[in-house]
Amino acid sequence: MSKKNIAVLVSGGGTNLQSLIDSEKSGMFRDSKITLVISSKPGVYALERAKNNNIPALTLSRKDYGSIESYSKALAETLKQADIDLVVLAGFLTIIDSQVYEAFPNAIINIHPALIPSFCGKGYYGLHVHEAALKKGVKVSGATVHFVTPECDAGPIILQKAVEVKQDDTPETLQRRIMEQAEWKILPKAVQLFCRDQLSVKDNIVYIKEN
Ligand code: GRF
């Protein structure tokens with residue numbers, strides 16, 4: 001098992017980043033480390049979290065680049081130069097193209113706040129996901145960690161966890177419960193499995209090896 005360098009890509013508050021930082025501190029990732037945080041927006045609290053934990057962090061702002069292509073090229077180059085093995089999209093809201101996916105095959109993971117294939121794909125981000133779940137009246141929702149492929153939210157599923165939907169939920173209360181009960185648990189677990197070389201992918205299905 002080789003030590004891995006992890007990059008976490010963020011655009012906001014970074015509670016999922018925090019769950020990864022806490023998990024690393026608790027020894028969950030063995031020798032693997034979060035060595036870089038990249039934000040697509042300046043001034044977000046996720047950058048503070050990186051700073052407070054002495055993790056190198058930088059901002060790559062989409063608006064500083066003329067196109068998705070030039071942004072993706074810069075992002076892929078930055079990740080390669082930093083010798084990154086695993087890229088974690090933790091609330092990263094900027095569109096990237098195949099230059100990044102091809103540079104990191106089966107090595108980019110994303111956390112989505114619903115049980116894929118429900119409430120996912122284009123337009124399903126942030127509170128929109130939970131608004132749609134409440135509108136449909138589902139009784140359980142949850143979170144999914146999956147490998148990232150060019151098709152939005154369609155890559156191989158690594159882990160999922162279901163969470164109860166309550167009758168009086170608002171999008172905000174449901175979002176919070178899904179974060180607390182699912183996202184902050186399964187994202188670190190998926191990173192741990194990756195770092196311990198326990199994940200393999202065949203025909204779009206993820207297999208988890210026991211160790
Ligand atoms: C989370 O709900 C995550 O599932 C989604 O974006 C949100 C990010 O929250 N992809 P945070 O920045 O980690 O607090």
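1. Arg-30. In this predicted model, Arg-30 lies in the loop between H1 and E2. Its phi is positive, near 50°, in a residue other than glycine. Is Arg-30 buried, partly exposed or exposed? Its relative accessible area is 45%, so Arg-30 is partly exposed; the cut-off for exposed is over 50%.

2. Helix H1. Before that loop comes helix H1, residues 15–25. Its buried residues are Asn-16, Leu-17, Gln-18, Ser-19, Leu-20, Ile-21 and Ser-23. What do they pack against? The partners are strands E1 (5–10), E2 (33–39), E4 (86–89) and E5 (108–112), together with helices H2 (45–52) and H6. Just after H1, Gly-27 takes a positive phi of about 90°.

3. Ile-34. After the loop, look at Ile-34 in strand E2. Its relative accessibility is 5%, so Ile-34 counts as buried; the cut-off is under 20%. Leaving aside residues up to four places away in sequence, Ile-34 touches Ile-6, Val-8, Leu-20, Ile-21, Glu-24 and Ile-55. Two of these, Leu-20 and Ile-21, are among the buried residues of H1. Ala-114 is another matter. It sits 80 residues from Ile-34 along the chain, and the two C-alpha atoms are separated by 25 Å.

4. Strand E4. Both faces of this strand are covered. Leu-86 and Val-88 are buried on one side. Val-87 and Leu-89 are buried on the other. E4 also has strand partners. Four bridges join E4 to E1, and the two run parallel. Within that pair, Ala-7 has Val-87 as its bridge partner. E4 pairs with E5 as well, again in the parallel sense, over three bridges. There, Val-88 stands opposite Ile-109.

5. The cis proline. Where is Pro-117? It is found in the loop between E5 and helix H5 (127–136). The peptide bond from Ile-116 to Pro-117 is cis. Its omega is near 20°.

6. Ile-68. This residue belongs to helix H3, residues 68–81. At 28% relative accessibility, Ile-68 counts as partly exposed. Which residues does Ile-68 touch, beyond those up to four places away in sequence? They are Arg-62, Ile-95, Ile-96 and Asp-97. Take Ile-95: 27 residues separate it from Ile-68 in sequence, yet the C-alpha atoms are 6.9 Å apart.

7. Helix H6. This helix covers residues 171–195. Does its span agree or disagree with the expected value? At 1.5 Å a residue, the 25 residues should span 36 Å. The end C-alpha atoms are 33 Å apart, which agrees. H6 is bent, by about 45° at Met-179. Asp-197 follows the helix and has a positive phi, near 55°. H6 also meets the buried residues of H1, as one of the elements they pack against.

8. The E8–E9 hairpin. Strand E8 is residues 199–202 and strand E9 is residues 205–208. They run antiparallel and are joined by four bridges. Lys-202 stands opposite Ile-205. Two residues lie between the strands. What is the phi of Asp-203 in the turn? It is positive, about 50°. Asp-203 is a residue other than glycine. Its relative accessible area is 69%, so Asp-203 is exposed.

9. The whole protein. The fold holds six helices and nine strands. How does its radius of gyration compare with the globule rule? The radius is 16 Å, close to the 17 Å that the rule gives for 211 residues, so the protein is as compact as a globular protein of that length. Along the principal axes, the C-alpha atoms fill a box of roughly 50 × 45 × 35 Å.

10. Burial, surface and contacts. Of the 211 residues, 50% are buried. The accessible surface comes to about 10,500 Å². Carbon and sulfur atoms account for 51% of that surface. What share of contacts joins residues at least 24 apart, among contacts between residues at least 6 apart in sequence? The share is 65%. The pair Ile-68 and Ile-95, 27 residues apart, is one contact at such a separation.

Methods: Residues numbered from 1 in each chain as written. Predicted model: local features only at pLDDT ≥ 70, side-chain atom pairs only at ≥ 80, totals over all residues. Heavy atoms only, no water. Expected span 1.5 Å × (residues − 1). Bend = angle between axes of the 7 residues up to and from the residue. Rg over C-alpha atoms; globule rule 2.2 N^0.38 Å. Buried < 20%, exposed > 50% of the residue type's maximum accessible area, 1.4 Å probe, protein only. Contact = heavy atoms within 4.5 Å. Areas by Shrake-Rupley, 256 points an atom, 1.4 Å probe, with all protein chains shown as cover. Pairing = 2+ DSSP bridges.
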